[in-house]
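Work through the exercises below with the sequence and the model side by side. Try each task before reading its solution.

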Amino acid sequence: MIDRRLITNFDWMLLGLVLLICAVGVVNIYSASSSYVLSGTPYYLKQMSWIMVGLAIMLLVCSIDYHLLEDVAYWFYGILFLLLLVVLVFGRTSMGATRWLHLGFISIQPSEPMKIIGIITMARILANVPLSGGLGLRELAWPAFMIGAPAILIMKQPDLGTAILVILIAGSMLAFVGIRLSALAAVCAAAVPAVWLGWHYYLRDYQKNRVLNFLDPERDPLGTGYHIIQSKIAVGSGGLFGKGFLQGTQSQLRFLPEQHTDFAFSVFAEEWGFVGSLVVLLLYVVLILWGLQIARRCNDRFGSLVAVGVTAMLFWHIIINIGMVIGLFPVVGVPLPLFSYGGTSLITSMTGIGILMNISMRRFMF
């Protein structure tokens, strides 16, 4: 029997924000893909189907007490870590990256659910760490290993964007718990040679070019710098109020690359301008603040940490994608959550939001 208090405390505000952002995203995908010549189902209809699947998963996640996740965290982590190893050996290669595992009737991308499972695993670890002046190097060792190992495997695919997100999410959760200044200084000192080694011996040439093009897009304007240049033209040409729906020249004339996925916000900024972009950003700000409010109101440490982790996941997706399309960050293939086209990203975001809603609904029970 369902506890009536769960229904009474259903988070309609969170659901409304999600549906509103998804609706704006679908309209934008319709515009971004209107110039495409497609033989199958249009992208905006596919996105609507994924939204329905995502909502069903979100409601399913709501119906399960999130405290059960603490018990199965290590099991799910072990399974996904094994799948990441299998992907490197037997995965399907597409556009130079081996990220997908074909299981006959379905293909899965283990790096995406690792964001959610990484959050749950980190929350379980940190929930049992004594709070006495912050985390020292000894307390940081185990969380660093548990996140660093899958991040390295994800970078090997290679998928630099997802690997960075996994690390940033974990870092946000560690910052929420608190890190001693001595430990933070030691980590920063170790990061300098690690970055040097990564640049010279780990990053592939195309990844280095993305960083170099971020610093100087004009070094290869028709090649690897093309994405950033065309995106900045689209965003800037939108002006204050935009060119109007379906009137964006950069998108309708197909100058923008990946305009329905990674650069969907560029399409929106060109058509709706600064004012329209500000409205979307305000919706995201409210979503992030609402997630932090859920974390603050939660009555147990594990739930608060999970809520912080999910909110951090959404936050870093937004920051990196928006920064990417306006030229503040290198192009790393990170979609805008609930807005860009893509089933895997949408399902991951909806699962995380379902966990947030679960925590919000059960705050009165402990």
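**Exercise 1. A residue on a helix**

Task: Place Ala186 in its helix, and decide whether Ala186 is buried, partly exposed or exposed.

Solution. Bear in mind that this is a predicted model.
- Step 1: Ala186 sits in helix H8, residues 181–201.
- Step 2: The relative accessible area of Ala186 is 29%. Buried needs under 20% and exposed needs over 50%. Ala186 is therefore partly exposed.
- Step 3: Now look along the chain. Leu137 and Ala186 are 49 residues apart in sequence, yet their C-alpha atoms are 8.2 Å apart in space.

**Exercise 2. A glycine in H14**

Task: Describe the surroundings of Gly352 in helix H14.

Solution.
- Step 1: Helix H14 spans 343–361, and Gly352 lies in that helix.
- Step 2: The relative accessible area of Gly352 is 0%, so Gly352 is buried.
- Step 3: Leave out residues up to four places away in sequence; Gly352 then touches Ile116, Val310 and Met313.
- Step 4: Met58 is 294 residues away from Gly352 in sequence, with 8.0 Å between the two C-alpha atoms.

**Exercise 3. H5 against H14**

Task: Work out how H5 and H14 are oriented, and which residues meet.

Solution.
- Step 1: The axes of H5 and H14 are 8 Å apart, and the packing angle is about 20°.
- Step 2: Angles under 35 degrees count as roughly parallel. H5 is therefore roughly parallel to H14.
- Step 3: The two helices, H5 and H14, make a right-handed crossing.
- Step 4: From H5 come Glu112, Lys115, Ile116 and Ile120; from H14 come Thr344, Ser345, Thr348, Thr351, Gly352 and Ile355.
- Step 5: Sort the contact of H5 with H14 by class: three nonpolar, five polar and two charged residues.

**Exercise 4. H4 against H5**

Task: Repeat the analysis for H4 and H5, starting from their packing angle.

Solution.
- Step 1: H4 covers residues 67–90 and H5 covers residues 111–127; their axes are 9 Å apart, at an angle of about 140°.
- Step 2: The roughly antiparallel class starts over 145 degrees. H4 and H5 are therefore oblique to each other.
- Step 3: The crossing of H4 past H5 is left-handed.
- Step 4: The H4 side includes Leu69, Tyr74, Phe76, Leu80 and Phe81, and the H5 side includes Pro113, Met114, Ile117 and Ile120.
- Step 5: Across the contact of H4 with H5, 13 residues are nonpolar, two are polar and three are charged.

**Exercise 5. H10 and what it packs on**

Task: Characterise H10, then its contact with H12.

Solution.
- Step 1: H10 runs over residues 226–237, 12 residues in total. From first to last C-alpha, H10 reaches 16 Å, close to the expected 16 Å.
- Step 2: Ile228, Ile229, Gln230, Ser231 and Ala234 are buried in H10.
- Step 3: H12 covers residues 264–297; the axes of H10 and H12 come within 6 Å and cross at roughly 30°. H10 is therefore roughly parallel to H12.
- Step 4: H10 and H12 cross in a left-handed sense.
- Step 5: Ser231, Ala234, Val235 and Ser237 of H10 meet Ser266, Ala269 and Glu270 of H12. That contact of H10 with H12 holds three nonpolar residues, three polar and one charged.
- Step 6: Gly239 follows H10, with a positive phi near 65°.

**Exercise 6. Two leucines with positive phi**

Task: Where are Leu246 and Leu338, and is each buried or partly exposed?

Solution.
- Step 1: Most residues other than glycine have a negative phi. Leu246 has a positive phi, near 70°. Phi of Leu338 is likewise positive, near 70°.
- Step 2: Leu246 is in the loop between H10 and H11. Leu338 is in the loop between H13 and H14.
- Step 3: Leu246 has a relative accessible area of 30%, so Leu246 is partly exposed. Leu338 has 2% relative accessibility, so Leu338 is buried.

**Exercise 7. The cover over H2**

Task: Which elements cover the buried residues of H2?

Solution.
- Step 1: H2 spans residues 12–32 and has 21 residues; its reach of 30 Å is close to the 30 Å expected.
- Step 2: The buried residues of H2 include Leu14, Val18, Cys22, Gly25 and Ile29.
- Step 3: The cover over them includes H3, H11, H12 and H14.

Definitions and conventions:
Residues are numbered from 1 along each chain as its sequence is written. This is a predicted model: local features need pLDDT of at least 70, side-chain atom pairs count only at pLDDT 80 or more; totals for chains, interfaces and linings use all residues. Side-chain values use heavy atoms; hydrogens and water are left out. Helices (H or I, at least four residues) and strands (E, at least two) are DSSP runs, numbered from the N terminus. The expected span of a helix is 1.5 Å times one less than its number of residues. Buried means under 20% relative accessible area, exposed over 50%, partly exposed in between (1.4 Å probe, protein chains only). Axes are lines fitted to C-alpha atoms, for helices over the stretch in contact, and angles run from 0 to 180 degrees between N-to-C directions. Angles under 35 degrees count as roughly parallel, over 145 as roughly antiparallel, 65 to 115 as roughly perpendicular and the rest as oblique. A crossing is left-handed if the near helix is turned anticlockwise from the far one by less than a right angle, and right-handed if clockwise. Contact means heavy atoms within 4.5 Å. Ala, Val, Leu, Ile, Met, Phe, Trp, Tyr, Cys and Pro count as nonpolar, Asp, Glu, Lys and Arg as charged, and the others, Gly among them, as polar.
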